[in-house]
Amino acid sequence: MEEKKKSTRQIGAEKEDLACEFLIEKGYRIIDRNFHGGRFAELDIVAKDSEGYLCFVEVKYRHDDEHGGYEGAVDQKKIKNICRCASYYMSNRHISMDTPVRFDVIYILGEKIRLVENAFDYI
């Protein structure tokens, strides 16, 4: 019997699980996953790092680098939407705007995982 091909959504969920495991191994505590910020965007992972930063983590997966690797995976429009969604998240969860925050990106290329802390600034 032929194996059913996984959907993009299933693959995305598996890679986000992998990213969470990676973050936990690095001392992060996962707070939330797949938070939908209405019309703004979705936050893949919200976590606290060992220094107390609230980290909004975007997960980007590429099977291979045939169609481009990491460069351009998170463009300005995506950054703007993530920042808006993060503000909405903090308001929705009654988190003080004085809380130190950081925007990280986890790139998964095949089996390789790369964490970029402070990948972009709030805009």
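What share of the 123 residues in the protein chain is buried? In this predicted model, buried residues make up 40% of them. I shall begin with the overall arrangement, and then turn to the helix α2, the aromatic residues and the nonpolar cores.

The protein chain contains two helices and five strands. Read from the N terminus, the order of the elements is α-β-β-β-α-β-β. Of the contacts between residues at least 6 apart in sequence, 53% join residues at least 24 apart. Several of the examples that follow are of this kind, and I shall give the separation for each.

Let me take α2 to begin with. This helix covers residues 76–92. Its 17 residues, at 1.5 Å a residue, should span 24 Å, and the end C-alpha atoms are indeed 24 Å apart, so expectation and model agree. The buried residues of α2 are Ile79, Asn81, Ile82, Cys83, Cys85, Ala86, Ser87, Tyr89 and Met90. Against which strands do these buried residues pack? They pack against β1, β2, β3, β4 and β5. After the helix comes His94, which has a positive phi, near 55°.

I turn now to the aromatic residues. The structure holds six aromatic pairs. In one of them, Phe35 and Tyr89 meet edge-to-face, with 4.8 Å from centre to centre and 90° between the planes. This pair links distant parts of the chain, since Phe35 belongs to strand β1 (residues 29–36) and Tyr89 to helix α2, 54 residues apart. Are these two residues buried or exposed? Phe35 has a relative accessibility of 9% and therefore counts as buried. Tyr89 is buried as well, at 2%.

Tyr89 also pairs with Phe56: the ring centres are 5.9 Å apart and the planes stand at 85°, which means that this pair is edge-to-face. Here too distant parts of the chain are linked, with Phe56 in strand β3 (residues 54–62) and Tyr89 in α2, 33 residues apart. Phe56 has 2% relative accessibility and so counts as buried. Phe35, Phe56 and Tyr89 are among the members of one aromatic cluster, which also includes Tyr88, Phe103, Phe120 and Tyr122. A further ring deserves mention: the charged end of Arg102 sits over the ring of Tyr53, 5.4 Å from the ring centre.

Next, the nonpolar cores. As general background, nonpolar side chains in soluble globular proteins tend to be buried together. The largest nonpolar core in this model has 19 residues, and those with the most contacts inside it are Leu43, Val46, Phe56, Val74, Tyr89, Phe103 and Phe120. Which elements give two or more residues to this core? They are β2 (42–48), β3, α2 and β4 (101–109). The greatest contribution comes from α2, with seven residues.

Phe103 illustrates the surroundings in this core. Apart from neighbours within four places in sequence, Phe103 is in contact with Phe56, Ile82, Cys83, Ala86, Val116, Glu117, Asn118, Ala119, Phe120 and Tyr122.

There is also a second, separate core of 13 residues, which includes Ile45, Ala47, Val57 and Ile106. Ile45 lies in strand β2 and is buried, with a relative accessible area of 0%. Beyond four places in sequence, its contacts include Glu16, Ala19, Cys20 and Leu23, together with Ile30, Asp32, Cys55 and Phe56. Ile45 and Asp104 are separated by 59 residues in sequence, and their C-alpha atoms by 9.6 Å in space.

Leu54 offers another view of strand β3, in which it is found. Leu54 counts as buried because its relative accessibility is 2%. Setting aside residues up to four places away, Leu54 touches residues including Ile31, Val46, Met90, Ile95, Pro100 and Arg102. The C-alpha atoms of Leu54 and Ile95 are 9.8 Å apart, with their positions 41 residues apart along the chain.

Finally, a word on the cysteines. How many disulfides does a search of the whole structure find? The search finds zero. Cys55 is buried, with a relative accessible area of 0%, and Cys83 also counts as buried, at 0%.

To close, I return to Tyr89. This residue of α2 pairs edge-to-face with Phe35 and with Phe56, and Tyr89 is listed among the residues with the most contacts inside the largest core.

Methods
Residues numbered from 1 in each chain as written. Predicted model: local features only at pLDDT ≥ 70, side-chain atom pairs only at ≥ 80, totals over all residues. Heavy atoms only, no water. Phe/Tyr/Trp six-rings, centres within 6.5 Å; stacked < 30°, edge-to-face > 60°. Helix = DSSP H or I, 4+ residues; strand = E, 2+ residues; numbered from the N terminus. Buried < 20%, exposed > 50% of the residue type's maximum accessible area, 1.4 Å probe, protein only. Lys NZ or Arg CZ within 6 Å of the ring centre and 35° of its normal. Core = buried A, V, L, I, M, F, W, Y, C linked by side-chain atoms within 4.5 Å. Contact = heavy atoms within 4.5 Å. Expected span 1.5 Å × (residues − 1). Disulfide = S-S within 2.5 Å.
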